[in-house]
Amino acid sequence: MTVEPRASIVWDYAPAPEATDHLRLRDRYGLFIGGDFVEPADGRYAPTVNPATEEVIAEVAWAGPADMGRAIEVSRAAQPRWAALPDRERGKFLFRIARLIQERARELAVVETLDGGKPLRESRDVDIPLAAAHFFHYAGWADKLRFGVNAREVAPLGVVGQIVPWNFPLLMAAWKLAPALACGNTAILKPAETTPLTALLLAEICQEAELPEGVVSILPGDGAVGAALVRAPGLDKIAFTGSTAVGRDIQTALAGRGVELTLELGGKSANIVFEDAAIDQAVEGIVNGIFFNQGHVCCAGSRLLIQESVVDEVVAKLWARMGRLRVGDPLDKNTDVGAINSAEQLERISELVAAGEAEGAVRRSVQCELPERGYWFAPTMFTEVAPAHRVAVEEIFGPVVSVLTFRTQAEAIEKANNSKYGLAAGIWTDKGAKAFEVASALRAGVVWQNTYNHFDPTAAFGGYKESGFGREGGPAGLRPYLRVAR
Ligand code: NDP
């Protein structure tokens, strides 16, 4: 008998690109005002670009002052009628929007990936289903509003201006619009300059749902359009998600004007791994915490605090796992890490990473073949990080994790809280009591235990300190859109 040597098997993934031939994208999108797409008064259009290829996807109108005035006028006219609808009827419109998002889920996921660079796996499995879930959730609240605020009498605020960032374009639009509409407000949404498309598809969905005209307006544009919306007379509230610097500017602009405000800002969230954690599970959680959406996540677990006794093991396993991340074409269903959202963001990440090296932290970046065009950054880990290093203090908003260590539980809490931010945190431990004890000592709006970046429309989300104020999600998310009788 002869024994054949076994051929070695090379495991690799075949390309699995999602199709784009089912898309119904227009070449040009106007502003969405009064239930219709309209030309901007000054005729200004700008291209929106695919960050993975640098190709133009469509031209999008930018709102000028005259358009903004018109949008506020129609929103104001529509608001009393919208608020006067029986609560259940308002709820039905939100249900319809949720169902239409589900029906168009595949198309929305592909457009989100094309416009923003995030892996299709994430837009398909996270962004779009969660956006629908938020509309479903608040559809259910529309006729129960007073029970969300301790059975007090409630009234809508009026017309709200909402400004969202580019990291979760449709999901952030859903977080903002669903509770605002459920509470009887009308809304003017400004999507981010680099990712306006899914908000414009949502405008089409509002048309399909026969939402009364003027209830939702969508005004794309750059930061100046956002700044003008904040300063425009005739709004009752501004809701903003984005950077702390812009949040500060908005707060200053609104001071003394009697306009309600909620801010969901940046973060530098601590992901704390104790020695008694299930290490392999923790490593998966660390990866999900920082490499999900290329780290363009306000609550990203960007400060990794590891107990000293297990630091070598965790770092070795994390580094091995990082080496298996698939970086590249966001439309490929096997891709884990897609394109950086814009050239500006890539520059910001590169600048902070260079500062980390210059300050003496040790950088390791995964070697991967990156496409020639587009904006890319290889998954990166910093060790030997001191708490004062910029990479331990500033929001990088990219696929970069900074590793710090601690010896005791008290030290872990102190280091985790040693930040101007307070958005989120993660705790990895086998001991339930320890998790509760640490969670209650952390100054963070959301604390995950043995998981990370886990979102649910029924749960409140928001920050402390320079991460902002106000909550989105769950019954707590109704409060910022209601006047509540004392
Ligand atoms: P911004 O805060 O500038 O953008 C968020 C939104 O606000 C966008 O729609 C933006 O428009 C708009 N905007 C910009 N300037 C103003 C203004 N003066 N008044 C009102 N609205 C304005 O974030 P960036 O895109 O510039 O990102 C910078 C950094 O901010 C990132 O590196 C990251 O650290 C952080 N960031 C944090 C986010 C979070 O969720 N915590 C989200 C996004 C960014 P436009 O896009 O057209 O400029």
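**Close-up 1. Arg 364 places its charged end over the ring of Trp 319.** This is a predicted model. The charged end of Arg 364 is 5.4 Å from the centre of the Trp 319 ring.

**Close-up 2. Arg 471 sits with its charged end over the ring of Tyr 464.** Here the distance from the charged end to the ring centre is 5.5 Å.

**Close-up 3. Five residues make up one aromatic cluster.** The members are Trp 175, Trp 448, Tyr 452, Phe 455 and Phe 461. Across the structure there are 11 aromatic pairs. In one of them, the ring centres of Trp 448 and Tyr 452 lie 4.7 Å apart. Their planes meet at 50 degrees, so this pair is tilted. Trp 448 also pairs with Phe 455. That pair is edge-to-face, with 5.8 Å between the centres and 90 degrees between the planes.

**Close-up 4. Trp 448, Tyr 452 and Phe 455 in terms of burial.** Both Trp 448 and Tyr 452 are buried. The relative accessible area of Trp 448 is 7%. The cut-off for buried is under 20%. Phe 455 has 18% relative accessibility, so Phe 455 counts as buried.

**Close-up 5. Side chains of Ser 243, Arg 348 and Glu 395 meet ligand oxygen atoms.** In the side chain of Ser 243, an N or O atom lies 2.7 Å from an oxygen atom of the ligand. For the Arg 348 side chain, the distance from an N or O atom to a ligand oxygen is 3.0 Å. Glu 395 has a polar side-chain atom 3.0 Å from an oxygen atom of the ligand. On its own, the ligand has 840 Å² of accessible area, and the protein covers 87% of that area.

**Close-up 6. The shell around the ligand draws on several helices and a strand.** Four elements give two or more residues each to this shell. They are α7 (223-231), β10 (237-241), α8 (244-254) and α11 (343-358). There are 28 residues around the ligand. Those that come nearest are Val 164, Trp 166, Ser 243, Cys 298 and Arg 348. Ser 243 is also one of the residues with a side-chain N or O atom facing a ligand oxygen, at 2.7 Å. Arg 348 is another, at 3.0 Å. By class, the shell holds 13 nonpolar residues, nine polar residues and six charged residues.

Note on methods: Residues numbered from 1 in each chain as written. Predicted model: local features only at pLDDT ≥ 70, side-chain atom pairs only at ≥ 80, totals over all residues. Heavy atoms only, no water. Phe/Tyr/Trp six-rings, centres within 6.5 Å; stacked < 30°, edge-to-face > 60°. Buried < 20%, exposed > 50% of the residue type's maximum accessible area, 1.4 Å probe, protein only. Lys NZ or Arg CZ within 6 Å of the ring centre and 35° of its normal. Near = heavy atom within 4 Å. Polar contact = N/O pair within 3.5 Å; in protein donor to acceptor, adjacent residues only side chain to side chain. Areas by Shrake-Rupley, 256 points an atom, 1.4 Å probe, with all protein chains shown as cover. Nonpolar A, V, L, I, M, F, W, Y, C, P; charged D, E, K, R; others polar.
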